[in-house]
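This report describes a few parts of one protein model for a reader who has not seen it before. The sequence and structure come first, and the description follows.

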Amino acid sequence: MAPRAFITGLAGLELGATERACVREAQPWGLILFKRNIETPAQVAALVASFRDAVGVEAPVLVDQEGGRVQRIGPPHWPSYPAAAVYGTLYEREQTTGLAAARLGARLIAHDLERLGIDIDCLPVADLPVPDADPVIGDRAYGDTPLKVAALARAAAEGLMAGGVLPVLKHLPGHGRAAADSHLKLPVVEASRAELDATDFAAFRLLAGLPLGMTAHVVFCAYDPVNPATTSVTMVQDVIRGSIGFKGLLMSDDVSMGALSGSLAERTRAALAAGCDIVLHCNGKLEEMREVAAETPELSGEALERARRALGARKAPQAFDRAAARGELDELIERAGTAGA
């Protein structure tokens with residue numbers, strides 16, 4: 001039996017009996033973890049193992065571990081990491097230093113995650129923020145020009161993959177112009193096709209070969225004035241798959257976010273109908289998980305093949321001296337800071 005085309009969250013630190021039975025019946029493709037699921041290394045590893053035991057396969061486990069404001073795993077048991085903008089600043093001073101630091105930071109993150117059984121990180125962010133945009137992206141972005149963002153995002157993706165962790169490119173085809181936080185309400189972007197193509201879409205186009213991607217809950221009026229990219233056939237097929245050329249496994253952003261309207265069932269159906277391969281449901285509410293699962297088919301056809309290719313891109317971690325790498329990253333950041341003082 002193939003897994004269903006959704007990724008689920010869980011409620012807490014352990015997989016309870018009712019939740020286990022629901023997961024076993026629903027057969028989600030994967031699990032995404034949040035701070036509510038994370039306490040100690042042993043606890044996280046046990047939760048991951050329990051989930052995989054419930055679904056009966058070595059299902060993928062994801063987390064949002066970007067650095068900066070978005071770190072689900074952190075002190076006291078794990079280190080903190082710089083926000084993407086820090087690497088952008090280093091890149092401006094010396095490109096090779098910025099790229100090396102972004103790669104090292106991601107490699108260190110991969111080391112932390114792989115030891116817990118987490119094999120996918122929702123990183124890199126390739127959004128290009130603009131003045132007056134909502135700060136939801138802000139310093140999560142590497143910069144505001146396509147070439148710079150793509151170079152640093154690729155370095156981060158390489159660092160993750162060197163550590164045995166797959167990257168997720170987000171948020172296709174761009175969240176940087178959004179004047180609202182899509183966690184709360186629906187952002188509407190009125191930029192022209194030419195402007196979007198030359199900026200926001202250009203960064204993603206240079207990263208189109210990455211194995212997994214995540215959509216943006218953002219309306220792009222120049223293409224579809226009604227539906228956000230996640231539920232827009234035009235945005236998924238013509239822009240993300242067409243103009244940008246993304247061929248990897250495409251997941252929605254969280255369908256429980258405030259940007260989307262309608263019931264969870266309606267949101268799930270709309271995202272899949274638009275062309276998302278997999279629906280992401282994050283909040284761990286059991287009744288919502290059941291509602292999403294009921295509307296989600298088994299993975300099949302091109303979506304199943306893209307999922308197989310994505311997971312097939314994961315390699316065993318390369319040899320790695322964590323202490324030396326952390327020291328090198330700290331030195332690069334400190335040296336650049338001193339140089340800019």
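Strand 2, helix 2 (residues 41–55) and strand 3 form a right-handed β-α-β unit. The model that shows this arrangement is a predicted one.

Strand 2 belongs to another unit of this kind: strand 1, helix 1 (residues 17–26) and strand 2 also make a right-handed β-α-β unit. Strand 2 covers residues 28–33, and six of its six residues are buried.

On one side of the pairing, strand 1 (residues 4–8) runs parallel to strand 2 and is joined to strand 2 by three bridges. Threonine 8 has leucine 31 in strand 2 as its bridge partner. Strand 2 is also joined by three bridges to strand 3 (residues 61–63), and these two strands run parallel as well. Here isoleucine 32 stands opposite leucine 62 in strand 3. As a general point, side chains in a regular strand alternate between the two faces of the sheet.

The next topic is the aromatic rings. The structure holds two aromatic pairs, listed below with their values.

| Pair | Centre to centre | Angle between planes | Type |
|---|---|---|---|
| Phenylalanine 201 and phenylalanine 220 | 6.1 Å | 65 degrees | edge-to-face |
| Phenylalanine 201 and tyrosine 223 | 5.8 Å | 50 degrees | tilted |

In the edge-to-face pair, phenylalanine 201 lies in helix 7 (residues 200–205) and phenylalanine 220 in strand 10 (residues 219–220), so the pair ties together parts that are 19 residues apart in sequence. Phenylalanine 201 has a relative accessibility of 0% and counts as buried. Phenylalanine 220 is buried too, with a relative accessible area of 1%.

The tilted pair links distant parts of the chain, with phenylalanine 201 in helix 7 and tyrosine 223 in the loop between strand 10 and helix 8 (233–243), 22 residues apart. Tyrosine 223 is at 17% relative accessibility and therefore counts as buried, because the cut-off for buried is under 20%. Phe201, Phe220 and Tyr223 together form one aromatic cluster.

Which ring does the charged end of arginine 193 sit over? The ring is that of tyrosine 223, and the charged end is 4.2 Å from its centre. Tyrosine 223 thus appears both in the aromatic cluster and beneath the charged end of arginine 193. Elsewhere in the model, arginine 107 lies over the face of phenylalanine 320, at 3.8 Å from the ring centre.

Conventions: Residues numbered from 1 in each chain as written. Predicted model: local features only at pLDDT ≥ 70, side-chain atom pairs only at ≥ 80, totals over all residues. Heavy atoms only, no water. Buried < 20%, exposed > 50% of the residue type's maximum accessible area, 1.4 Å probe, protein only. Helix = DSSP H or I, 4+ residues; strand = E, 2+ residues; numbered from the N terminus. Pairing = 2+ DSSP bridges. Right-handed = clockwise from strand over helix to strand, strands pointing away. Phe/Tyr/Trp six-rings, centres within 6.5 Å; stacked < 30°, edge-to-face > 60°. Lys NZ or Arg CZ within 6 Å of the ring centre and 35° of its normal.
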